[in-house]
Amino acid sequence: MQPSKGRPRGGGAGQESRVEPLDGHDPVPAEEAGQLRYDDPWYDALASGWGESSDGAQAQPVVPSARREGEAAADVYLEVQRSAAFQEVRRRYRKFVVPASVAFFTWYVGYVVTATTAPELMARPVAGAVNVAMVAGLGQFLSTFLLTWAYARHARLRRDRAALELRWDTQELTRGVSGGVS
């Protein structure tokens, strides 16, 4: 049970009490609920220099239209997605991931099926107390690390540079659409 920290306790009979705001602000009226406002306690307008008037009073900052900029940014991302460079990065990704996933899944299912259908094969000793099942199980771990290394190497050599260039191009295009503000 949590301590009440000085707050009055409810009767516990299913009654609901009104939640009072902790910061002293009134709840947002329904007619203003759709408007964007900066009442965020983490937003420090004075520290950032926004909203200061000449007499020292804080004015409400103007919030740009997020919908218009979001639609323009979405157009930029669709344009990049349709580009030949993006399609090439995706093709290189699929060219590695699909065969590697199929091979690893086949290897894993083969291990499980063999362990359940041929226990005498898996119990055959290889060296001392080590049997075929132990070697194949350790092979599962080894193949996982090997596949991870191969994926990272493939990404570094075949995709990372092209993907980074696409990222920079996309950021430049969205920065241009939003008027230089990122």
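**Contacts, surface and an aromatic pair in a predicted model**

In the protein chain, 56% of the contacts with a separation of 6 or more are accounted for by residues 24 or more positions apart. The structure is a predicted model. Its secondary structure consists of 5 helices and 2 strands, and along the sequence the elements are arranged in the pattern α-α-α-α-β-β-α. The two strands thus follow four helices and precede a final helix in that order.

The protein chain has 182 residues, of which 13% count as buried. The accessible surface of the chain amounts to about 15100 Å². Carbon and sulfur atoms contribute 59% of this surface.

Among the aromatic rings, the count comes to 1 pair. The pair is formed by Phe 96 and Tyr 151, with ring centres 6.0 Å apart. The planes of the two rings stand at 50 degrees, a value that is neither under 30 degrees, as required for stacked, nor over 60, as required for edge-to-face; the pair is therefore classed as tilted. Distant parts of the chain are linked by this pair, the two residues being 55 residues apart. Phe 96 belongs to helix α3, which spans residues 84-117, whereas Tyr 151 belongs to helix α5, which spans residues 132-177.

The two partners fall into separate accessibility classes. Phe 96 has a relative accessibility of 18% and counts as buried, because this value is under 20%. Tyr 151 has a relative accessible area of 35%, which lies between 20% and 50%, so Tyr 151 is partly exposed.

Note on methods: Residues are numbered from 1 along each chain as its sequence is written. This is a predicted model: local features need pLDDT of at least 70, side-chain atom pairs count only at pLDDT 80 or more; totals for chains, interfaces and linings use all residues. Side-chain values use heavy atoms; hydrogens and water are left out. Buried means under 20% relative accessible area, exposed over 50%, partly exposed in between (1.4 Å probe, protein chains only). Contact means heavy atoms within 4.5 Å. Accessible areas come from the Shrake-Rupley method with a 1.4 Å probe; for residues, only the protein chains shown count as cover. Rings of Phe, Tyr and Trp (its six-membered ring) pair if their centres lie within 6.5 Å; planes under 30 degrees apart count as stacked, over 60 as edge-to-face and the rest as tilted.
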